Amino acid sequence: MTTATTVDVVLPCLDEAEALPWVLGRIPPGWRAIVVDNGSRDGSARIAEDLGALVVREPVRGFGAACHAGLRAASADIVCFCDCDASLDPGLLVPFVREVIAGEADLVLGRRRPTARGAWPAHARAGNVALSRLLRRRTGLRLHDLGPLRAARREALLALALTDRRSGYPLQMVVRASDAGWRVREHDVPYLPRAGASKVTGTWRGTWHAVQDMRRVLAEGAAVEGAVR
């Protein structure tokens, strides 16, 4: 990046020892990796520290709890989010950050495009499609994915006052950003087979719980919108 703007990349982590070297090795030069350990038992925190990442420990289990702990620990002008399972290359965030710095967007998201069979299970894709349609109905945003790869300004993200600490966190961020009038953009990104076993979308049960969390977020947003009217 040819700018003085600082960038932190939040990486929620639960037993990702196998993937961490690959992920941290692809953090763009000059950016800082914040690995949020969410109760790993495979030495992930130690590996991340040895590889130069800032490690934050979040004892409360949940994807949202880990993401928000990383956001609160960040100090950079721009904060990015990326999964820590080697399914997404954090280097793909460079053009996202450029758009935010240039004032072309307030929140930039990655639309996952599987590169191999099995990279994104059919049940997880179906749940994502259904939620994208509900999001469009709720906000008018024509997004195709609610994926974890994203970039925005730290202070603006904190001002959204996100409260979900489970799987609904990514959706709540988009809903509240839309309600605040943010310009939201989406770009295709290659989605690779993850390293290790998935904790959420790799199983029908995990996907079901994630969809329920996100439905709850949409219901809360709709109730607030109705009350304002």
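In the predicted model, helix α5 buries His123, Ala124, Gly127, Asn128, Leu131, Ser132, Leu135, Arg138 and Thr139. An α-helix has 3.6 residues a turn, so residues three or four places apart point the same way. Helix α5 covers residues 122-139. At 1.5 Å a residue, its 18 residues should span 26 Å, and the end C-alpha atoms are 26 Å apart, which agrees. Just after α5 comes Gly140, with a positive phi of about 90°.

Helix α5 also contributes to a pocket. The second largest pocket has a volume of about 190 Å³. Its lining comprises 14 residues. Nearest the centre lie Arg111, Asn128, Val129, His144 and Asp145. Two elements, β5 (107-114) and α5, each give two or more residues to this lining. The largest share, six residues, comes from α5. By class, seven lining residues are charged, four are nonpolar and three are polar. Asn128 thus appears twice in this account: it is buried in α5, and it is among the residues nearest the centre of the second largest pocket.

Strand β5 belongs to an open sheet. Seven strands form this sheet, in the order β3-β2-β1-β4-β6-β5-β7, with mixed pairing. The edges are held by β3 (54-57) and β7 (184-191). Each has a single partner strand, so one side of each is left without a neighbour in the sheet. Neighbouring strands are turned by 20° against each other on average, direction ignored. Strands of a sheet pair through backbone hydrogen bonds, either parallel or antiparallel.

Both kinds of pairing occur around β5. Strands β5 and β6 (residues 150-153) run antiparallel and are joined by three bridges. Here Leu109 stands opposite Arg150 in β6. Strands β5 and β7 run parallel, with eight bridges between them. Pro114 has Tyr191 in β7 as its bridge partner. At the β3 edge, strand β2 (residues 32-37) runs parallel to β3, and four bridges join the two. In this pair, Ile34 stands opposite Leu54 in β3.

Enclosed space was searched for across the whole structure. One cavity of 30 Å³ or more was found. About 60 Å³ of space lies in the largest cavity. Its lining consists of Pro12, Phe63, Cys67, Phe81, Cys82, Asp83, Pro148, Arg150, Tyr169, Pro170 and Met173. Helices α3 (63-73) and α7 (169-179) are the elements that give two or more residues to this lining. Helix α7 gives the most, with three residues. Nine residues of the lining are nonpolar, two are charged and none is polar. Arg150 links the cavity to the sheet: this residue lines the cavity and stands in β6, opposite Leu109.

Backbone angles were also examined in the loops. Most residues other than glycine have a negative phi, and most peptide bonds are trans. Asp15 has a positive phi, near 55°. Asp15 sits in the loop between β1 (7-13) and α1 (20-24). With a relative accessible area of 32%, Asp15 is partly exposed. Ala161 also has a positive phi, near 50°. Its place is in the loop between α6 (154-159) and α7. Ala161 is partly exposed, with a relative accessible area of 44%.

Note on methods: Residues numbered from 1 in each chain as written. Predicted model: local features only at pLDDT ≥ 70, side-chain atom pairs only at ≥ 80, totals over all residues. Heavy atoms only, no water. Expected span 1.5 Å × (residues − 1). Buried < 20%, exposed > 50% of the residue type's maximum accessible area, 1.4 Å probe, protein only. 1 Å grid on protein atoms, 1.4 Å probe; cavity = no way out; pocket = protein on both sides within 12 Å on 5 of 7 lines; lining within 4 Å. Points joined across faces, edges and corners; volume = space filled by probe spheres on them. Nonpolar A, V, L, I, M, F, W, Y, C, P; charged D, E, K, R; others polar. Pairing = 2+ DSSP bridges. Axes fitted to C-alpha atoms, helices over the stretch in contact; angles between N-to-C directions.
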